[in-house]
Amino acid sequence: MTDRKTRLAIILITSLFFLWGFALNLNPILIPHLKKACQLTDVQSALIDSASYIAYFLIALPAGLFMKRFGYKAGITLGLILFAFGTFLFYPAAELRHFGFFLVALFIIASGLTLLETAANPYITVLGDADTSTQRLNFAQSFNGLAAFLAPLMGGAFILSGKTLSAQEQQAMSAQQLNNYLAEEAASVKIPFLTIGIIVLIVAVLIWRTQLPEIVEEEDTSEKASGSILGEKNLILGTFAQFFYVGGQVCVSSFFIRFSDKVAGIDEKTAAYLLSGALLSFMVGRFIGTYLMRFIAPPRLLAIYSVLNIALLIVAVVTSGMVSVYALVGVEFFMSIMFPTIFALSIRGLGAKTKIGSSLVIMSIVGGAIFPVIMGWVSDQSSIQTAYIVPAFCFLVVLYFAVKNSSVKNVTLGVSH
């Protein structure tokens with residue numbers, strides 16, 4: 001490949017990091033929005049996360065097999081087509097105001113994102129000089145963080161109406177007035193998601209027409225894996241820690257807008273902008289945390305951040321007003337280094353078992369499909385504020401894993417989500 005073609009390929013693959021980050025971080029906007037438009041309970045609205053994150057669990061292995069058979073470029077193209085198709089389904093789902101239709105669309109989108117994530121990390125490392133592969137990966141992952149910041153900002157501006165009627169106000173409306181209100185709310189997702197779908201299709205065409213190097217995965221013959229992967233106790237513990245961490249991370253972000261409304265009386269548009277700032281602090285926190293690991297052993301920093309998150313969540317549960325909201329912003333900051341640190345500690349020293357070990361840890365992302373539903377149930381039974389005890393429990397598991405790895409002095413962070 002010429003330098004010009006290599007640069008174009010790097011730009012296109014880097015755009016994938018942005019696209020999947022943007023799509024996933026629209027969920028915290030869709031949860032309060034569809035709860036209102038489709039008249040859902042908190043536990044029902046949490047199924048938005050379930051539809052997205054269950055795809056990572058169900059599609060990850062088929063995605064790997066597809067790319068092994070047809071190549072990474074074909075996998076990326078298929079992923080983008082699925083992504084676009086899912087976004088286009090938002091139009092009829094909004095027309096029908098059918099929550100099940102929205103969930104199907106979200107599952108299809110997430111299936112496409114799974115293909116993109118499976119391919120993007122290895123691709124970005126082979127595009128260009130091998131000596132700068134880590135820098136390219138970190139650069140590409142920074143666009144994932146940028147997308148996390150922009151998604152709630154733009155979702156708040158173009159999807160949320162800022163108009164939430166109380167149960168009493170809805171009861172005072174005629175059936176036709178209520179139906180018009182709900183139809184108008186549901187319709188606000190049409191143009192944004194059609195726009196996303198068109199952009200994704202354009203990227204798919206560019207990817208397909210661009211020359212990309214084919215990744216040939218060589219079998220490691222230098223050593224053979226001995227014993228069952230289930231015998232790797234630290235890996236299994238790390239898989240559980242990642243399961244609880246992703247669950248906790250998704251819980252904190254997904255109900256942020258609802259929490260801000262109920263605890264501090266903040267309207268949904270303003271809360272969306274606050275969430276955008278919180279996710280910006282997540283991105284900044286990852287850079288700061290990576291720098292701090294030069295001086296503090298990664299497991300120790302993971303333990304410190306876990307304790308701080310538990311303390312901040314307790315503050316969020318027992319206080320009120322802006323203090324509670326700012327506590328959740330702080331949690332976003334201290335979650336920043338957790339996914340890559342847990343991942344690196346989990347697969348450390350696996351040798352020939354590293355690939356299958358990595359797959360197990362990635363599949364544990366399914367925690368993001370389960371814990372928001374638990375949190376939604378707790379919220380329906382008590383309050384959204386009390387429900388934030390669920391992610392606090394999740395960080396207790398992360399703390400335990402960090403303590404169990406306290407003897408480790410250094411790891412290389414090479415993946416993020």
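By class, how many nonpolar, polar and charged residues does the lining of the largest cavity have? The count is 12 nonpolar, three polar and no charged residues. The model examined here is predicted.

The search of the whole structure returned one cavity of 30 Å³ or more. The space in the largest cavity comes to about 100 Å³. Five helices each give two or more residues to its lining: helix 1 (3-24), helix 2 (27-37), helix 5 (72-88), helix 7 (99-126) and helix 11 (190-209). Helix 7 supplies the largest share of the lining, four residues. In total, 15 residues line the largest cavity. Nearest its centre lie Ala 23, Leu 24, Leu 106, Ile 109 and Phe 193.

Nonpolar packing was examined next. In soluble globular proteins, nonpolar side chains tend to be buried together. The largest nonpolar core in this model has 124 residues. Helix 7 provides the largest share of this core, 15 residues. The residues with the most contacts inside the core are Ile 13, Leu 16, Leu 80, Tyr 245 and Tyr 388. Beyond its neighbours within four places in sequence, Tyr 388 is in contact with Cys 251, Val 252, Phe 255, Phe 256, Phe 259, Leu 313, Val 317, Leu 328 and Met 375. Another core, of six residues, lies apart from the largest one. Its members include Leu 235, Phe 343, Ile 347 and Leu 350.

Two of the contacts of Tyr 388, Phe 256 and Phe 259, are among the buried residues of helix 13 (residues 256-264). The others buried in helix 13 are Ile 257, Arg 258, Ser 260 and Val 263. Gly 265 follows just after helix 13 and takes a positive phi of about 65°.

Two single residues illustrate different degrees of exposure. Ser 306 is located in helix 15 (residues 298-318). Its relative accessibility is 0%, so Ser 306 counts as buried. With residues up to four places away in sequence not counted, Ser 306 touches Met 338, Phe 395, Val 398 and Leu 399. Ile 362 belongs to helix 18 (residues 354-363). Ile 362 counts as partly exposed because its relative accessibility is 27%; the cut-off for buried is under 20%. Outside its neighbours within four places in sequence, Ile 362 is in contact with Phe 339 and Phe 343. Phe 343 also belongs to the core of six residues. The C-alpha atoms of Ile 362 and Ile 207 are separated by 25 Å, and the two residues stand 155 residues apart along the chain.

Aromatic pairing was assessed last. A pair of aromatic rings is described by the distance of the centres and the angle of the planes. The count comes to 16 aromatic pairs. In one of them, Phe 66 and Phe 70, the ring centres are 4.9 Å apart and the planes stand at 40°, so the pair is tilted. Both residues are in helix 4 (residues 47-70). Phe 66 and Phe 70 are four residues apart, and therefore about one helical turn separates them. An α-helix has 3.6 residues a turn, so residues three or four places apart point the same way. Phe 66 has a relative accessible area of 25% and is therefore partly exposed. Elsewhere, Phe 243, Phe 244, Phe 371 and Phe 393 form one aromatic cluster.

Technical notes:
Residues numbered from 1 in each chain as written. Predicted model: local features only at pLDDT ≥ 70, side-chain atom pairs only at ≥ 80, totals over all residues. Heavy atoms only, no water. Buried < 20%, exposed > 50% of the residue type's maximum accessible area, 1.4 Å probe, protein only. Contact = heavy atoms within 4.5 Å. 1 Å grid on protein atoms, 1.4 Å probe; cavity = no way out; pocket = protein on both sides within 12 Å on 5 of 7 lines; lining within 4 Å. Points joined across faces, edges and corners; volume = space filled by probe spheres on them. Nonpolar A, V, L, I, M, F, W, Y, C, P; charged D, E, K, R; others polar. Core = buried A, V, L, I, M, F, W, Y, C linked by side-chain atoms within 4.5 Å. Phe/Tyr/Trp six-rings, centres within 6.5 Å; stacked < 30°, edge-to-face > 60°.
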